[in-house]
Amino acid sequence: MASGPTHLDSARGWVTACGAALSVMAAFGTIYSFNAFAKSMADEFGTGHGPISLVFGITVFLFFGSALVSGRLYDRFGIAPLLIVGGAMFCGGLFAMSQVSVLWHGYVLFGVGLGFGGGLFNAPLFALTAMWFVRHRAVAQGIVATGSGLGTMLFVPLAQWLLEVYGWRGGMKALAVVAAGIFAVALFMIKRPPKMDMGDAKRHVSLVVRSAAFWQMSASGVFFTVAVIGSLGSVVTFAQDDGLPPRAAVALFTIIGFSGIVGRMALTSLARPLGSVRLLKIAFFGLPVAYAIWFATTRVSGLETKFVLLIVFASVLGVSYGGFVALLGDVTAHVFGLAGLGTVMGMLFFCSGTGALIGPPLMGFTADATGGIGLPIAISGVIAAVGVVVLLPMTRHPLPLPTYMGPAGLPSPPPRPSPLATARTAEMPAQVVGATSKGERPERLVAAMRRLQSEALQGAPPEVFWPVRVGADDAGGNGFATIAGVRTIAAASAAAERD
């Protein structure tokens, strides 16, 4: 097999991953710091949970939803323009939010500035990192996703301190300066990898969106985000309503951030031996468990016992949320390939963004209507359980699409037609059906070859999963086989001929 491009798994790739993690840390940390300011803002504007939570919901919706645009822009222009423009919108929107006199201005300034601005570079950073790695791609994606955990762990307590010293308006101004500095540093660290021929990306994406796996990931992402973002937007306020002092409530967010880092690094480190798709499902399964624990805290009267249970809830939620986010990029690249990866991830992030628009208002307005926090927590738990059911049947193997191109390891073929494919088309029909030099077709050899082809198709890692055109009958009726399958079958046929 030909060796892959030299930039893959290189030191420059790790520097880029760290720079991407810094940008993600500043973006997620600043957005989630809204939770520290929410109660003070609600008191100043005289609103309940619902209207304030809507600011957070719109922001996160645009943060994820704008990936539908940013993914395509990244595929065309690269990451630097997106980080510059998006970072300026992000910091400008945060500073402008500190000047608002009516709440609906926050829907526009905080939502569009931080949501759309941050979304311009968020999803592309994950796609960018995936293009730098093959062997260590899951770990590198985990490092980028760890940025959101660090942001949650560091920025929310920082925002609480700024709130106590300068108020929510002064706190937002200070966070705008901090975020701008981090984006500037990250801009010098990240770099787009050398281009690799990925074939017809547009056609590949059109095939991806027709697959069951894509819609399973999209639908489960909506359920996941409704539950997670809804709880992240409410956990501090709900904890205070349940009797915890403000600093203890904010500490729960710190625990979510820390456990999220643990979940990201632990699950991504197990991706190679256990498989990213399997671990993604396990991470999602932790969500209903977390909400069951959270609901139990509402039935406990003792404050100390309640706080201990909330710590357990925050830990399980952080590991589950962190692991899911960290594995998402690796799963996307593994199942769908790298062709048009920015666009595919952008569509998945957009679907998740719709859940983010629903979750926080659902939690907030339900709490306002019922006068308690038990029902919104229970609803989130049910939604998370539905998402688990949707995701469980998804395949763990790369999709056998004719346009698939794995991360590396093999040269990309010319688009029409591949010389190798043409050669194989001419020589493979006789080999694949197990014809001997005398023209015989032993049934046992045919069965063995089909089994080998199936194993190559399902078990091959992405870097050798490059379909080539063969005869329609040679590839189980779909007209395609993998190079791994072609080589294995050809070797078996040659051995049979020698015998």
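Buried means under 20% relative accessible area, exposed over 50%, and partly exposed in between. Keep those cut-offs handy for the close-ups below, which come from a predicted model.

**Figure 1. The whole chain, and how far to trust it.** We start with the full protein, which has 19 helices and two strands. Of its 499 residues, 57% are buried. Among contacts with a separation of 6 or more, 84% are between residues 24 or more positions apart. The pLDDT averages 75 over the protein, and 78% of the residues score at least 70. Confidence peaks in helix α16, at a mean of 92, and bottoms out in strand β1 (residues 467–469), at 33. Two stretches deserve a wary eye: residues 407–442 have a pLDDT below 50, yet show 72 contacts in the model beyond near neighbours in sequence. Residues 448–499 are also below 50, with 108 such contacts.

**Figure 2. The salt bridge between E44 and R169.** By the rule used here, the protein has three salt bridges, and this view takes the pair E44 and R169, whose N to O distance is 2.7 Å. E44 sits in helix α2 (residues 34–45) and R169 in helix α7 (residues 137–189), so the bridge ties together parts 125 residues apart in sequence. How buried or exposed is E44? With a relative accessible area of 43%, E44 falls between the two cut-offs and so counts as partly exposed. R169 has a relative accessible area of 25%, so it is partly exposed too.

**Figure 3. Helix α7 again, this time paired with α11.** Here R247 and E164 form a salt bridge, with their closest N and O atoms 2.7 Å apart. R247 belongs to helix α11 (residues 246–269) and E164 to helix α7, and 83 residues separate the two, so the pair links distant parts of the chain. The two ends fall in separate accessibility classes: R247 is exposed at 60% relative accessibility, whereas E164 is partly exposed at 41%.

**Figure 4. A salt bridge with a buried lysine.** Which residue does K306 pair with? The partner is D242, and the closest N and O atoms of this salt bridge are 3.1 Å apart. K306 lies in helix α14 (residues 303–336), while D242 is in the loop between α10 (235–241) and α11, so parts 64 residues apart in sequence are tied together. K306 has a relative accessible area of just 3%, which is under 20%, so this lysine counts as buried.

**Figure 5. L175, packed inside.** Back on helix α7, this close-up is centred on L175. Its relative accessible area is 0%, so L175 is buried. Leaving aside neighbours within four places in sequence, L175 touches S33, F37, L94, F155, L158, A159 and L162. A26 makes a handy distance check: it is 149 residues from L175 in sequence, but their C-alpha atoms are 9.1 Å apart.

**Figure 6. G340, in the loop ahead of α15.** G340 lies in the loop between α14 and α15. This glycine is buried, at 11% relative accessible area. Setting aside neighbours within four places in sequence, G340 contacts D75, A201 and V205. Y74 is 266 residues from G340 in sequence, with the two C-alpha atoms 10.0 Å apart in space.

**Figure 7. Helix α15 from end to end.** Does the length add up, and what span should we expect? At 1.5 Å a residue, the 30 residues of α15 should span 44 Å, and the end C-alpha atoms are 43 Å apart, which agrees. Of those 30 residues, 21 are buried, so α15 is largely enclosed by the rest of the structure. Just after the helix, G371 takes a positive phi of about 70°.

**Figure 8. Where α15 meets α16.** The axes of α15 (residues 341–370) and α16 (residues 374–391) come within 8 Å and cross at roughly 145°. On the α15 side, the contact is made by L362, M363, T366, A367 and T370. On the α16 side, the residues are L375, P376, I377, I379, S380 and I383. Sorted by class, the contact has eight nonpolar residues, three polar and no charged ones.

Notes:
Residues are numbered from 1 along each chain as its sequence is written. This is a predicted model: local features need pLDDT of at least 70, side-chain atom pairs count only at pLDDT 80 or more; totals for chains, interfaces and linings use all residues. Side-chain values use heavy atoms; hydrogens and water are left out. Axes are lines fitted to C-alpha atoms, for helices over the stretch in contact, and angles run from 0 to 180 degrees between N-to-C directions. Helices (H or I, at least four residues) and strands (E, at least two) are DSSP runs, numbered from the N terminus. Contact means heavy atoms within 4.5 Å. Ala, Val, Leu, Ile, Met, Phe, Trp, Tyr, Cys and Pro count as nonpolar, Asp, Glu, Lys and Arg as charged, and the others, Gly among them, as polar. A salt bridge is a side-chain nitrogen of Lys or Arg within 4 Å of a carboxyl oxygen of Asp or Glu. Buried means under 20% relative accessible area, exposed over 50%, partly exposed in between (1.4 Å probe, protein chains only). The expected span of a helix is 1.5 Å times one less than its number of residues. pLDDT is the predictor's confidence in each residue, from 0 to 100.
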